[in-house]
Amino acid sequence: MLKKEGQIRIPSGCAISGIMNRKGERFSGEDIIASIALMHERSNGLGGGFAAYGIYPEYKDLFALHVFYDDVEAKIRAEDFLNTHFDIESSGKIPTTKVSAITKSPMIWRYFIKPRKFKLIESELNEEEFTARCVIKINTYFDGAFIFSSGKNMGAFKGVGYPEDIGEFYMLDTYKAHLWTAHGRFPTNTPGWWGGAHPFTLLDWSIVHNGEISSYDANRRYVEMYGYKCNLQTDTEAITYLFDLLNRKHHMPLETVVKVLAAPMWQDIEKEAPEQAKKLKALRAVYASALINGPFSIILGFKNGMLALNDRIKLRSLVAAEKGEMLYVASEESAIRVVCQNPDKVWTPKGGEPVIGLLNEEAKV
Amino acid sequence: MKRVYANETYCVGCKLCEIHCAVAHSESKDIIKAYKKEKIKPMPRIVVEDDMPISFALQCRHCEDAPCIKACITGAMQKGEQTGIVTNEENRCVGCWTCILVCPFGAIVRNEQGKKVAAKCDLCAEIEDTPACVKNCPNEALKYEEEGE
Amino acid sequence: MSLNFNVPEFMVERNEDRCIQCEVCVRQCANEVHTYDEEDNKVYADETNCVNCHRCVLMCPTRALSIKKHSLEFRENANWTASAMNEIYKQAQTGGILLSGMGNPKPYPIYWDRMLLNASQVTNPSIDPLREPMETKVILGRKPEKVTFDEDGNMTTKMPPQIELSTPILFSAMSFGSISKNAHASLARAARETGTLYNTGEGGLNKEFYEFGKNTIVQVASGRFGVHKEYLNAGAAIEIKIGQGAKPGIGGHLPGEKVGEEVSATRMIPEGSDAISPAPHHDIYSIEDLRQLIYSLKEATDYKKPVFVKIAAVHNAPAIASGIARAGADVIVMDGYRGGTGAAPTRVRDNVGIPIELALAAVDQRLREEGIRNEVSLLVAGSVRNSADVVKAVALGADAVYIGSAAVIAMGCHMCQKCYTGKCNWGIATQREDLVKRLNPEIVSTRLANLIRAWTHEIKEMLGGMGINAIDSLRGNRLMLRGIGLSEKELEILGINHAGE
Amino acid sequence: MAYVIIGNAAAAISAVESIRKIDTKKPIILISDEPYHTYSRPLISYYLGDKVTEDTMRYRGENFYKKHNVTTYFGKKVVEIICDKKQVRLEDDTFISYDKLLIATGSKPFVPPMKGLTGKENIHTFLKLEDAVELKQKVKKDMRVVIVGAGLIGLKAAEGLHKLCDDITVVELADSVLSTILDRKAADIVQKHITQEGIKFIFNTTISEIEGETKVEKLTLQDGRVIPCDLLVVAIGVRPNVDIAQTAGIDVNRGIVVDDSMQTNIADIYAAGDVTESLDVASDTRRVLALWPNAYRQGEVAGCSMAGGDAIFDSAFAMNAIGFFGLPMITAGLVNVDETQAEQYEVQLVYDEEEKWIKKFIIKQNQLKGFILISKVDRAGIYTSLIKEGIDIRQLDRALTSDAFGLIAFSKELRAEKMLKGGRI
C-alpha cells in the first residue's frame with residue numbers, strides 16, 4: 001500500500017496562482033478557478049486547492065476550522081476534544097456539489113469556534129498559540145481527523161482532483177473573498193489523500209507552493225525545536241511554520257522574513273553598506289537553518305494580504321501583474337492574462353525578491 | 001641573471017642535487033646507466049656541505065667579476081656575454097687548478113676522470129631550462145631566480 | 001643480555017639492479033636502517049628499526065626501494081594474533097605500558113562508510129557549482145534565539161562573537177612541541193590562505209605566530225602551558241580542552257628531550273623538563289566549575305572571543321554536551337575514538353571512547369530536543385578522512401569539522417604511528433633540527449591549502465548534486481543520508497533511513 | 001692619439017678588455033716583440049708535452065684584436081720611450097705616439113754568467129713559445145738533458161721534456177725543489193714524486209763550467225762533479241723586463257714602481273704584470289709577484305685607469321696552482337716562517353707522506369697568512385679568500401685542516417651573504 005503524506009515525504013511539482021484586491025473588495029472564486037484551470041497541464045489530478053480570505057465576515061472573530069474526517073468515529077473523537085477546549089458557535093458540513101471527477105471524498109466539516117476561557121488561562125497561552133497547538137495536536141494524534149484550515153475569516157478548500165474540479169466541488173463561485181490563492185498539484189508518489197493537497201494552513205497562514213525544497217530536513221528539524229510538528233512531511237507545512245515562527249513569534253517583518261528564507265548570497269551581502277551587511281549577516285548566522293534551499297515558488301496568504309516568493313536562484317517560474325487595485329501572481333503569465341487581459345504592469349520577480357500585496361489601511365481586517 | 005640560490009634552512013642534506021647534477025653531465029643522462037655502466041664516473045658540479053643540522057648546496061655563483069676568469073691561464077674560463085654564465089671550455093682547459101686557487105666559494109671541482117679539466121656548474125644551460133639540481137631538490141631548498149626575488 | 005623476542009615488522013627490499021649506492025636512503029633515515037659498506041660498495045638495511053615511513057622509498061632517485069610486511073609468520077591463530085603476541089613480548093621485556101601514535105587502527109565499524117548521500121533527479125534540479133554561487137561559509141559561535149529589530153528596522157540584538165570560516169573544515173589542535181615549528185607554521189599559513197583556523201594545541205603560542213591571530217584558536221588545556229592574557233587574546237577563539245578522542249580520560253606527556261629552547265619559552269617551562277598535562281583540569285571537577293572557567297576566559301578577553309569546549313566522545317556525550325552548552329560554551333567540540341595523537345597508551349587509544357558519527361548524531365538530536373541546538377555550534381573531529389565524511393558530518397548535524405590526521409597526512413605523514421619517538425622522518429612530529437628542516441612550510445602550507453581547496457570543491461559538487469547552494473541547508477539535513485548495512489538501532493541513533501526507504 | 005700597450009700577455013690583454021669596457025672609440029695600439037697572437041706562456045710546458053697545440057694555446061679568440069679594435073705590431077720591439085714627446089720608438093725607427101702608455105713587458109729569463117756559456121748550441125732558456133718550439137725541435141729521445149733550476153720553470157720544463165727524452169737531470173743550488181713556494185716537507189713529497197717518474201736531482205750545487213765544442217757536451221759542477229749533457233736548459237729564474245723603462249727615467253726598484261692605479265712616476269705611463277713590483281700583503285714587502293692572476297688584475301686596473309676610470313689594485317700575494325706528473329699543489333701567501341719570527345706565527349700542519357698529501361696553514365694574529373696544499377687542493381680558493389679578506393679565523397667553527405672545511409665553517413649570516421649575493425665578490 002502506498003504511504004500517504006505524513007508517513008513518507010512525497011515530492012511534487014505544481015501550478016500556483018493568487019489574485020487579490022488591495023482595497024479589500026471581495027470577488028467570487030470564478031477568476032481563480034479560471035486561472036488555475038489554464039495551467040491544467042501542470043497538475044496531474046492528484047491534488048488541488050484554494051485559500052480564500054474575507055469569506056466569513058459574519059464570523060470574523062472566530063476561528064474557522066475546516067476538517068476532513070475519514071469516518072464518524074474520528075469525528076466523535078475530534079469533536080469531543082474540540083468541545084473540551086473550545087466554545088463551538090456554529091458547525092456543519094461544508095456545502096459541496098457532485099462533480100463526476102471527484103470521488104471518494106471524506107466527510108468535510110466546518111466549525112466556528114473560540115477557545116474556552118478557563119482552558120486558555122490554564123494554558124498561559126494567547127488565543128492564537130492555544131488554537132495552533134490544539135490544531136497540531138489533533139493532526140498529530142487523532143487518526144482519521146485532519147484540520148486543514150484554522151484561520152479567522154478565511155478558509156482553505158482542497159482535495160484530490162484537478163483544481164478546477166475541486167473549485168466546482170466546493171462551489172467556490174458562491175464565496176466572495178478579497179484574496180484567492182490556488183494550487184494544482186503534480187505529486188510523484190501519493191495515494192491521493194485529501195489532507196495532502198495544498199494549500200497548507202495554520203491559523204491565518206496559507207501556503208501554496210511549487211517546488212521541492214532540498215533543505216527540507218534542515219528546516220523541519222529547526223522548526224521542530226520550537227514546538228511545531230511537521231506531520232505531513234511536506235514543504236508547504238515546513239514553510240508555513242517558518243513564516244509562523246519568524247513573523248508571529250519572533251515579530252519579524254515580512255520583508256525581513258524573506259531575507260531569512262531566501263537569504264541574499266554572501267557575495268551580495270559583502271557589497272551592502274556596513275549596517276545593512278551587519279544585519280543581514282546576523283540574520284544568516286542566527287537563522288542559517290531557516291534558509292530554504294532548492295527550487296520553490298510560493299504564495300503565502302495571510303490576513304492582511306499575500307506574499308509571493310521565489311527561491312534565491314529562481315529555479316521555479318513566477319510571474320506577477322497589476323491592474324488598478326488588483327494584484328496577480330501565478331506560475332505562468334497566461335494564467336494571469338486569462339483573467340486580466342491587459343494588466344498595467346507585468347513582471348518577473350527575481351529570485352529571493354518578494355512580491356508583497358497588502359490591504360490598504362482602511363481595508364485591513 | 002638567474003642564478004641558483006640555496007636556502008639552507010630547508011636543505012635536508014640528501015645530496016640528490018649532487019646525484020642529479022652528475023647525471024645531467026653524464027654521457028647517457030640516465031641515472032642508472034650513468035652510475036652503473038659509464039666508464040667515466042659521473043661527477044657532480046655542485047657540492048653539499050653538511051654537518052647536520054646544517055647543510056646546504058653550493059655551486060658556481062657565476063660572479064659578475066669572476067676571479068676564475070681572470071686567473072685562468074688558458075682563456076678557457078669565460079663568461080657568456082648574453083647569459084652571464086661562467087663556463088669552462090673543457091678542450092682548452094689543461095687542469096692547472098688556478099681557478100680552484102681563486103674561487104672563494106670552492107665551487108670548482110677537479111674532474112680527472114676523463115680529460116683532466118676543471119668542472120663547474122654551467123646552470124645546465126645546454127640541457128634544460130631549469131638546472132637539474134633545482135628541478136630535483138625535494139624540498140625547494142634550491143631556487144633558480146633573479147637576484148633578490 | 002637476554003634474548004629479545006621482538007622481530008622486525010617490515011622488510012626493506014632493495015633492487016640491486018637499480019641501486020646506485022648514492023646513499024640518499026642512508027642520509028634520510030632517522031632510524032638508521034640503511035648503512036653503506038664501502039668495502040662491498042653496497043647499501044645494507046637493518047630492518048629492526050624500520051617503521052615503514054616511506055621516506056627512503058620516496059627519496060630514492062632510482063626507485064630501488066620497496067618495503068614489505070615482514071614475511072615471518074606465527075602459527076595461524078584467530079585469537080592470538082601476531083600483534084597480540086608481539087605486544088606481550090614487548091611488555092614482558094620492558095614492564096611498561098604500550099605507547100602508540102596516531103589514531104585507533106582497529107577494525108571497528110566506520111559509520112561514514114555506512115552512509116550514502118542523496119542527489120537531485122528530475123523533481124528538483126541539481127546545481128552546477130561552476131555556474132552558480134555555492135556557499136560553504138560557516139559562522140561559528142553562540143547564537144541568540146532570535147534577531148530583533150526596533151520600529152525603525154534597526155537591529156536590537158547584540159550578537160555574541162562569531163567566527164567566519166570559508167569552509168566547514170578547521171585544523172585541529174596540534175601543539176608546538178608535539179609537532180615541529182615548521183609543521184605549526186604550515187598549518188598557520190594554510191589556515192590563513194584558505195580562510196579557516198588552526199589550533200595551537202596545548203603548547204602555547206610562539207610570538208612569531210601572533211601574526212596569524214585571526215586564523216588561530218588558542219587552546220587552554222589541563223597543563224595550562226603557555227597560557228597568559230596576551231596568549232588568550234592572540235587568537236580568534238579559545239578552546240578549553242577537556243579531553244581528546246585518542247585518549248579520553250588520560251593526560252598528556254611531552255618528554256623533556258622535546259622541550260628545547262623555543263618549546264620551553266613558548267610553554268613557559270624549564271628547558272628539558274617533562275611537560276605533563278594532568279588527566280583532569282584540577283579546577284574543573286564538575287560542570288559548574290567549567291562554567292567558571294568559561295567565564296574567566298571570557299572576562300580575560302572582554303567577551304570578544306568565542307570559547308570552545310572540547311571533549312572526547314564518550315558514552316554519555318549527549319548529556320555532557322548539553323551541560324557544556326548550558327555552561328556558556330559558544331562551540332562544543334567532540335573528538336571521536338579514531339582521533340589522532342602524538343602519543344597515547346595503546347590500550348586507551350584502542351578501547352576507550354565511541355565513534356564520532358554516533359556521538360554527533362546523538363548530541364545533535366539531544367540538543368534539538370532541548371531546543372538549544374541553534375544556540376551553540378557543534379564541531380566534530382576524530383578521523384574525518386575526506387570531503388564526503390565532511391558532508392556526512394554536516395548532514396548529521398555538525399557545523400564544521402576539525403581535521404588532524406588528514407592534515408598531517410597532507411604534510412607527509414605516512415602513519416607509521418611512531419610520533420612519540422621524536423624521530424619523525426617527515427619533520428612533523430619531531431624537534432630534531434635536522435628532521436624539522438625537512439618540512440618546508442612553503443611547500444607544506446601549499447599542500448595543506450590544496451587539500452582544503454580540493455575538499456571544498458568536492459563539498460560544493462556534492463551540495464550542488466543535492467540541489468543545495470549553501471552549506472547551511474545541509475546542516476542536520478539527515479534526509480540527505482541513507483544507511484547501508486546498518487541495524488535498526490544504528491539507524492535510529494543516526495536518525496536516518498536505510499537506503500531504499 | 002691612442003692607447004699604446006707594450007706586451008701581449010695577461011696584463012696587456014686584460015688592459016685591452018678593461019679599456020674597451022670604458023672607451024670603445026679611441027684606438028689601441030699593441031706592440032709585441034713576439035710574432036704571435038696572444039698566447040699563454042705557462043702553457044709552453046704543455047706544448048712540449050703535446051697537451052696543447054699552438055692553436056689551443058691562444059689566450060683569446062682569433063678575432064680578439066679586431067673585436068676590440070686593436071692595431072697590432074707583432075714582432076716589433078720597442079727600444080725607447082720618449083716621455084716628453086709621448087712617443088715610443090721601435091727597432092725600425094718607427095715612432096708611435098701615445099696618449100697613455102702601458103708597459104707590460106713581463107719577465108725575461110735570468111741567466112747568470114757561467115763559464116763557457118756563449119757560443120754553444122743546445123743551450124736554452126724556457127720562457128717563451130719560441131723557446132718551446134726550439135726545444136721540441138732539438139730534443140731527441142737519447143739526449144741527456146740537464147736543467148738548471150728546480151723552481152717552477154725548471155720543473156715544468158722537466159715535466160714537458162719527460163716524454164721526449166729519457167735522461168733528465170735537474171741541478172739546483174738550494175737543497176730542495178720549489179724552495180720559493182714550498183716548505184721543506186712539502187718539497188720532499190714533491191721531489192719524491194718527481195723522482196719516481198725517473199727524473200734525477202742534484203742539489204746544493206750549480207754549474208761552474210759548460211764544456212763542448214760547438215754543442216754542449218758536459219758540465220762541471222761547483223762540487224767538482226762532471227756530468228754529461230747534450231742539452232742544457234737554464235731555468236734559474238726570471239727578472240722583470242725593465243730595460244726600456246729604466247732608460248726612460250721611470251722609477252725602477254726590483255720591478256717598475258707603480259701607484260695603486262698602476263701609474264708609474266711619469267704621468268700617462270702605466271705598468272702592469274710581471275714587470276712591476278707590488279705590495280705582498282702576506283709578507284708586507286714590496287716585491288715582484290710574477291703571477292698570471294696578478295698580471296691580469298693589474299692590467300685590468302691599469303686599463304681602467306688609462307681610460308679614466310677608478311680602479312685600485314690592492315692585496316696582492318703570491319699564489320700558485322701547479323702540478324707535476326699528476327700531483328697537484330696549491331700554495332698562497334706565506335709558506336715558510338723564518339725561525340726568528342716563529343713566535344708570531346701559528347702553524348697548523350697535517351700530512352701523510354706515504355699518501356703524498358699535506359695541508360699547512362700559517363696564521364698570524366688569528367688571520368691566515370699562507371698555506372700549502374698538496375694533493376688535497378679542492379676548495380683552496382676559500383683559504384685564499386680568507387687571506388685576502390683578512391677574516392678572523394676565530395669566527396670559523398671548523399679547523400682549517402679539516403677535510404670538510406668549507407663555507408660551513410662560516411657563520412650562517414656570513415655564508416648567506418656570500419652565497420645570496422653570489423656573484424658580487
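Two strands pair if DSSP finds at least two bridges between them, and strands themselves are DSSP E runs of at least two residues, while helices are H or I runs of at least four, all numbered from the N terminus. The model in these views is predicted, with local features needing pLDDT of at least 70 and side-chain atom pairs counting only at pLDDT 80 or more, whereas totals for chains, interfaces and linings use all residues. Residue numbers start from 1 along each chain as its sequence is written, and chains are lettered from A and ligands numbered from 1 in the order in which they are written.

**View 1. An open sheet of 8 strands in chain C.** Reading across, the order is β9-β19-β18-β16-β15-β12-β11-β10 (chain C), and the pairing is parallel. At the edges sit β9 (169–171) and β10 (198–199) of chain C, each pairing on one side only. Zooming in on one pair, β16 (residues 331–335) and β18 (residues 377–381) of chain C run parallel and are joined by 5 bridges. One spot to look for is Val331(C), whose bridge partner in β18(C) is Ser377(C).

**View 2. Helix α4 of chain C, residues 181–194.** This helix has 14 residues and reaches 20 Å from first C-alpha to last, close to the expected 20 Å (the expected span is 1.5 Å times one less than the number of residues). Since 12 of its 14 residues are buried, α4(C) is largely enclosed by the rest of the structure. Buried here means 20 or more other C-beta atoms within 10 Å of a residue's own, against 12 or fewer for exposed and in between for partly exposed, with C-beta atoms placed from the backbone. Among the buried residues are Lys181(C), His184(C), Leu187(C), Arg189(C) and Thr194(C). Just after the helix, Gly195(C) takes a positive phi of about 70 degrees.

**View 3. Chain C as a whole, with 15 helices and 21 strands.** Its C-alpha atoms fill a box of roughly 90 × 60 × 45 Å along the principal axes. The radius of gyration is 24 Å, which agrees with the value near 23 Å for a compact globule of 501 residues (it is taken over C-alpha atoms, and the globule rule is 2.2 Å times the number of residues to the power 0.38). Of those 501 residues, 53% count as buried.

**View 4. The two domains of chain C, 10–96 and 138–498.** Domain bounds come from an automatic or database domain assignment. The centres of domain 1 and domain 2 of chain C, taken over C-alpha atoms, are 35 Å apart. Their contact takes 9 residues from domain 1 of chain C and 7 residues from domain 2 of chain C; a contact is two residues whose C-beta atoms, placed from the backbone, lie within 7 Å. On the domain 1 side there are 4 nonpolar, 4 polar and 1 charged residues. For these classes, Ala, Val, Leu, Ile, Met, Phe, Trp, Tyr, Cys and Pro are nonpolar, Asp, Glu, Lys and Arg are charged, and the others, Gly among them, are polar.

**View 5. Where chain B touches chain D.** Chain B puts in 30 residues and chain D 39 residues. On the chain B side, α4(B) gives the most, with 4 residues. That side divides into 17 nonpolar, 5 polar and 8 charged residues.
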